[in-house]
Structure formats: C-alpha cells, structure tokens
Protein chains: 2
Amino acid sequence: MERFSKKRQAIIDCLKNTKTHPTAEWIYNELKPKFKDLSLATVYRNLKELKQSGDILSVGTILNKERFDGTVLPHSHAICSKCGKVFDVENIELDSETKKRIQKKYKFKIDYSNIHYVGICKECENRLKEKNNKGDI
Amino acid sequence: MERFSKKRQAIIDCLKNTKTHPTAEWIYNELKPKFKDLSLATVYRNLKELKQSGDILSVGTILNKERFDGTVLPHSHAICSKCGKVFDVENIELDSETKKRIQKKYKFKIDYSNIHYVGICKECENRLKEKNNKGDI
DNA sequence: ATGCTAATGATAATGATTATCATTAACGAA
DNA sequence: TTCGTTAATGATAATCATTATCATTAGCAT
C-alpha cells in the first residue's frame, strides 16, 4: 500500500508552486536545501510515478530533457525552440468531429490531445538580433 | 559548400518512402544492406542536419527515442502511448485569434504548431484485454 | 513499541545521441 | 582526366539523461 512520503509531497508542491516547467534536476536543486539527504533518484522515481498516476503531466522532451507540469487542467504550451522555455497557454477545444474520424479511421482510442506552439521567445529573438548586428561590421 | 552525398539522399528517400515514423536506428538497419559501410553516426548526423534545414521533421521523443517524419506538409499525429506507434492525421487549422493572442501576451513568435492525439492503438488495446482476461481465472 | 514493506540514498548501469579524428569521396578548376 | 580542396563519412570513445540495484530507512497498521 502506498505510503505518504514527505519527499514525494515536496516534489508535488514544488511543481504546483512554479509557473515554469522544470526538469528533474531543477526540482532536485530546488528541494536539496530543505532535504539535505535528498537523492536525484528519488526525484526521478517520483516524477515517473506521479506522471503515471496522472497527478502531474509531462510536457515532453525539450532540448534533450523531460519537462514536467504541475497543472493538470487542460491547457497548451508555447515552447521556445532556442532556449526551451515553456509558457502555459489557454486551452482551446479541438474539433470533435476530427477526433471521431481519427478514432474510427485508425481504430485509435484518444485519451487526450496536446497542442504545442513552437517558436521563439522575446529574449532569444533579441539575442539573435544582437548576434546579427555584430556580424554587420 | 554542401555536397551531394548518396547516403544523405538515401536517408531522405528512406524517410519519404515509409509511412511509419522511424528512429535513427530503424533507418540505419533499413539502409545497411544497400550500404555495407554505412555508419550509425552518419544517420544521426544527417537526420540532425536535415531537421535543421527543414527537409524533414521530428515528431518528438517517444518512448525515449526521437522519431522522424519525411512528410513536411502540415499535419498532425496520433501517438500510441503504449507501443509508440505514430499515425499521420489530417491537418486542422488552429484558431488564428488564439495564435495572435499568444504572440502578443508572451511576445512569442510562433513558427508552427503541433497537435498530438495521444491514446491507445487497436493492437495494444487488444493486448491489454488479453492480459486482463488471463488475470480473471 | 514492533513488524512489515514502501520509499529512499548512493551509485553503477544503461542506452540514445554526440564528439573526435583519421580517412574517403564530391566536385570545381586546371 | 587528373588534382586539390574540404565536406562527408566510419569507427568508436565520450557524454549525459534516465533507470536499475540493493542495502538502509521510515510510514503506518497492529
């Protein structure tokens, strides 16, 4: 039977209390001061379990690292392809006719759908401009 | 100046000629019989470059492996969360008002958007049923 | 307080992807 | 056609995020 562990709860809280979409390592560094004996393995283990139980979500693998999300209400993500920054974005309802068609055509049972808006955040755009200007000597 | 390499062309062709959404290793195994001296590194290298140049797309990292797509016309994907199988799905136009709002609110320049329909394919559903029935002895 | 075992810490192992570097091959110029 | 330049490659070591292992610790029912 599952037990109530302080570290698991801290991981959940950490994720619920940030608007960012952290990696396992970020959460580890965040909690380490409070739990001196915290192990990175514990963070990975719990994130995996919490994801399976539906208590948290995964945004997917961005820039080679999995990113997590404590907000389970339906919403989308805007993702910067340069720095990997993620913003929560309002949910939009997808055409249910399309969903039905997919389920029928592929005999595929849809559990949920994700929308990712991929692009460039302001900071990265500015940084790229800088670089270009320097090249124009 | 970029040169025309037979192996790069074969990798592109391989991707354009399959309806699946392969991993680097799958492509490697597919081409190995024709190019006895093909190296896995060459496949990885080219996929990375082709992705950057926009000649191919990445479906994302599924079950810990990056999956590629030779179809660059706008479309979506249905993804089985059990086996990782991917189906191409008709494109649907997302609400442009929402996009404008995102760009303004986050000062975020959207390049493109992805829709993933996550669920369970027929084969996996059947397999799960099997397993459950066996448990009911 | 005791016993059971889920949860953890430390760390080795795994496995996908990338970097390195010597060699090969594409291709423009002679 | 041959030659020279250098992009592309093969082989493999290195990287690094994630997972597995196992001895120890700590929730919690009794």
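This is a chat about a predicted model with two protein chains and two DNA strands.

User: Before we start, what are the ground rules for numbering and confidence?
Analyst: Residues are numbered from 1 along each chain as its sequence is written, while chains are lettered from A and ligands numbered from 1 in the order in which they are written. The model is predicted, so local features need pLDDT of at least 70 and side-chain atom pairs count only at pLDDT 80 or more, whereas totals for chains, interfaces and linings use all residues.

User: OK, DNA then. Which residues come nearest to DNA strand C?
Analyst: A:Ser5, A:Ser39, A:Thr42, B:Phe4 and B:Glu66 come nearest, out of 27 residues around that strand. A residue is near a strand if its C-beta atom, placed from the backbone, lies within 6 Å of it.

User: Which elements supply that surface?
Analyst: At least two residues each come from α1 (6–16) and α3 (40–53) of chain A, and from α3 (40–53) and β2 (65–69) of chain B. The largest share near DNA strand C is that of α3(A), with five residues. Helices (H or I, at least four residues) and strands (E, at least two) are DSSP runs, numbered from the N terminus.

User: And how does that surface split by class?
Analyst: Near DNA strand C there are eleven charged, nine nonpolar and seven polar residues. For the classes, Ala, Val, Leu, Ile, Met, Phe, Trp, Tyr, Cys and Pro count as nonpolar, Asp, Glu, Lys and Arg as charged, and the others, Gly among them, as polar.

User: What about DNA strand D?
Analyst: DNA strand D is surrounded by 27 residues, and the closest are A:Phe4, A:Glu66, B:Ser5, B:Ser39 and B:Thr42. Two or more residues each come from α3 and β2 of chain A and from α1 (6–16) and α3 of chain B. Here α3(B) has the largest share, five residues.

User: Switching to the protein copies. How does chain B lie on chain A?
Analyst: A turn of 180° with a shift of 0.0 Å along the axis lays chain B on chain A with an RMSD of 0.0 Å. The two copies are thus related as by a two-fold rotation axis. In chain B, the C-alpha nearest that axis belongs to B:Ile115, 2.3 Å away. The superposition is by least squares on the C-alpha atoms of residues with pLDDT of at least 70 in both copies.

User: How many residues are in contact between the chains?
Analyst: 28 residues of chain B are in contact with 29 residues of chain A, contact being C-beta atoms, placed from the backbone, within 7 Å. On the chain B side, β5(B) gives the most, twelve residues. That side divides into 14 nonpolar, eight polar and six charged residues. The copies meet through the same surface, because 100% of the interface residues of chain B are also interface residues in chain A.

User: How do the two β5 strands pair?
Analyst: Strand β5 (residues 109–120) of chain A and β5(B) are antiparallel, joined over eleven bridges. The bridge partner of A:Lys109 in β5(B) is B:Ile120. Pairing takes at least two DSSP bridges between the strands.

User: Now β3 of chain B: buried or exposed?
Analyst: Five of the five residues of β3 (residues 76–80) of chain B are buried, so the strand is largely enclosed by the rest of the structure. Buried means 20 or more other C-beta atoms within 10 Å of a residue's own, exposed means 12 or fewer, and partly exposed is in between, with C-beta atoms placed from the backbone. B:Ser76, B:Ala78 and B:Cys80 point one way, B:His77 and B:Ile79 the other.

User: What does β3(B) pair with?
Analyst: Four bridges join β3(B) to β4 (residues 86–89) of chain B in the antiparallel sense, and four join β3(B) to β5 (residues 109–120) of chain B in parallel. β3(B) and β4(B) form a hairpin with five residues between them, and B:Gly84 in the turn has a positive phi of about 85°.

User: Which residue other than glycine has a positive phi in chain A?
Analyst: A:Leu63 does, with phi about 50°. A:Leu63 lies in the loop between β1 (57–62) and β2 of chain A, and counts as partly exposed because it has 13 C-beta neighbours inside 10 Å.

User: And B:Leu63, what's its phi?
Analyst: Phi of B:Leu63 is near 50°, also positive. With 12 C-beta neighbours inside 10 Å, B:Leu63 counts as exposed.
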